[in-house]
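User: I would like to go through this model by asking about single residues, strands and domains. Please give the reasoning before each result.

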Amino acid sequence: MSALTLDAARPHMTALAEELAASGAIRSEPWAEAFRTVPRHLFVPRWLEQEADDRGITVWRERHATDEGALAAAYRDVTLVTALDPATAVQVDEAAWTGMPTSSSTLPSLMAGMLEDLAVRDRDQVWEIGTGTGYNAALLCARLGADRVHSSDVDPALVETARDRLAATGHLPHLAVGDARQGYPDPAEAFDRIIATCSVPSIPDAWITGLRPDGALVADVALGIEGGLVRLTVDQERRAVGHFTATGGRFMPARGEARTYPAPQRPQRALAVGERPTTLTAADIRAHYPLRLLLAFQLPGAELVYHVDDATGVMAIQIQAADGSWARVPLTGTATGTVTWGGDEELWKQAEAAWQWWNSAGRPPQDTFGYARQPDGRVSVWHVPDGTRWYLPA
Ligand SMILES: C[S@@+](CC[C@H](N)C(=O)[O-])C[C@H]1O[C@@H](n2cnc3c(N)ncnc32)[C@H](O)[C@@H]1O
């Protein structure tokens, strides 16, 4: 590693640690020390930054930590995208692409919040799911020592690059390649903590069995319309029980292929059948994260997408169900208090029921909701203060 760039980076490393402590993401000295000492720019020497090109198209433009002024940019509290799905990536000029990200260096405040939520103890064995750039693995090494850190990624090229960068910064953790949903590639390993930096619809069995009793995990569960970070503890009966965390953030989904996501399969949309006034607006859905989580509890299997009307250009938020039913409320234009639907009218009634429940419960934040996974995979979530419960598909 160049001593020169490291010296130049040190003030940025210190400033990032101070910023994360001031915002409350870092809550303890050992993690502050880790952020102060791990040079992010050496794990992310190149990244892709989102910008609108001169035709108004959003593109990913390449940046290098060695570019004039860019060293400081590698230490901003932002996610740095590092890889795009080759099946979707289209090069638009010599240093810009459109496409879907497949790897990134996570938002540092999100990473810090999750690491604090993980509550590691000095002798814990930790499995990080999603090695990516290796930056988070390096933070774990700085905190625990490399021999206690295991990290795996589905993309072998990312693991090899991370291995080199970790070695260059003095860390030799256990690294492995594989689809983490099937478990850690070496089944003999058992962990005290698991931290997942890609999302799953529900916690895979292999993560529960990979944890020692009383072990804990922090992961993003993607529930369709929304999802969130949960911290769960596994008991002797292999029940995983805990809650959504105050740390908010979402991750790219886990995939089976090294570099590509499967094309989404969407059912044929039902024809439009009705329109009526509604009190649940697109602005409300967009503004309130816990409300979206509630919508996901109330409408398991549904998803939320943006819809632009070809004729009017009006943008709307649309909830769509697996049976082809959909309901949409405009974000722009004059009809923001009107819902239009196709298929089953019940879809929007359920959304309104979730909105009413959330308001009548005093608009509770996400960390007032519990999450439990039974040994057979059944999942329920509940509002801790009053016990209202929703059952989610396994
Ligand atoms: C947000 S990035 C990880 C960031 C990383 N922790 C860091 O510090 O740079 C998510 C990572 O999850 C990986 N991933 C996706 N699906 C996976 C799977 N099934 N098993 C393991 N890793 C997976 C991606 O390749 C990607 O590198």
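User: Does serine 380 count as buried, exposed or partly exposed?

Analyst: This is a predicted model. Serine 380 sits in strand S20, residues 379-383. A residue with 20 or more C-beta neighbours within 10 Å is buried and one with 12 or fewer is exposed. Serine 380 has 14 such neighbours inside 10 Å, so its class is partly exposed.

User: Which residues is serine 380 in contact with, leaving aside its neighbours within four places in sequence?

Analyst: Threonine 332 is 48 residues from serine 380 along the chain, and their C-alpha atoms are separated by 36 Å. With neighbours within four places in sequence left aside, the contacts of serine 380 are Ala372, Arg389, Trp390, Tyr391 and Leu392.

User: In which sense do S19 and S20 pair, and over how many bridges?

Analyst: S19 and S20 form a hairpin with five residues between them. In the turn, glycine 377 has a positive phi of about 95 degrees. One bridge joins phenylalanine 369 to histidine 383 in S20. The pairing of S19 with S20 is antiparallel, over five bridges.

User: Which side chains of strand S19 point to one face and are buried?

Analyst: In a regular strand the side chains alternate between the two faces of the sheet. Strand S19, residues 369-373, shows this alternation. Gly370 and Ala372 point to one face and are not buried, while the other face has the buried Phe369, Tyr371 and Arg373.

User: Which residue in S19 is the bridge partner of alanine 240?

Analyst: Strand S13, residues 240-244, pairs with S19 in the antiparallel sense over four bridges. For alanine 240, the bridge partner in S19 is arginine 373.

User: Is tyrosine 184 buried or exposed?

Analyst: Tyrosine 184 is placed in the loop between strand S9 (174-177) and strand S10 (191-196). Outside its neighbours within four places in sequence, its contacts are Trp127, His150, Ser152, Ala176, Glu189 and Gly210. Tyrosine 184 has 22 C-beta neighbours inside 10 Å, and therefore counts as buried.

User: Between which domains does the ligand lie?

Analyst: The residues that come nearest to the ligand, of the 25 around it, are Gly130, Gly132, Thr133, Asn136 and Ala180. Strand S6 (101-105), helix H6 (135-144) and strand S8 (149-153) each give two or more residues to this shell. Because residues of the shell come from both domains, the ligand lies between domain 1 (3-104) and domain 2 (108-244).

User: How many residues of the shell around the ligand are nonpolar, polar and charged?

Analyst: The largest share of the shell, four residues, comes from S6. By class, the residues of the shell are nine nonpolar, eleven polar and five charged.

User: What distance separates the centres of domain 2 and domain 3?

Analyst: Six residues of domain 2 are in contact with eleven residues of domain 3. The side of domain 2 that touches domain 3 has two nonpolar residues, three polar and one charged. Taken over C-alpha atoms, the two centres are separated by 35 Å.

User: Which are the edge strands of the open sheet with the order S14-S18-S17-S16-S15?

Analyst: This sheet has five strands, and its pairing is antiparallel. An edge strand pairs on one side only, and here the edge strands are S14 (272-277) and S15 (303-308).

User: Which residue in S16 is the bridge partner of valine 305?

Analyst: S15 pairs with strand S16, residues 315-320, in the antiparallel sense over six bridges. For valine 305, the bridge partner in S16 is glutamine 318.

Definitions and conventions
Residues are numbered from 1 along each chain as its sequence is written. This is a predicted model: local features need pLDDT of at least 70, side-chain atom pairs count only at pLDDT 80 or more; totals for chains, interfaces and linings use all residues. A residue is near a molecule or strand if its C-beta atom, placed from the backbone, lies within 6 Å of it. Ala, Val, Leu, Ile, Met, Phe, Trp, Tyr, Cys and Pro count as nonpolar, Asp, Glu, Lys and Arg as charged, and the others, Gly among them, as polar. Domain bounds come from an automatic or database domain assignment. Two residues are in contact if their C-beta atoms, placed from the backbone, lie within 7 Å. Two strands pair if DSSP finds at least two bridges between them.
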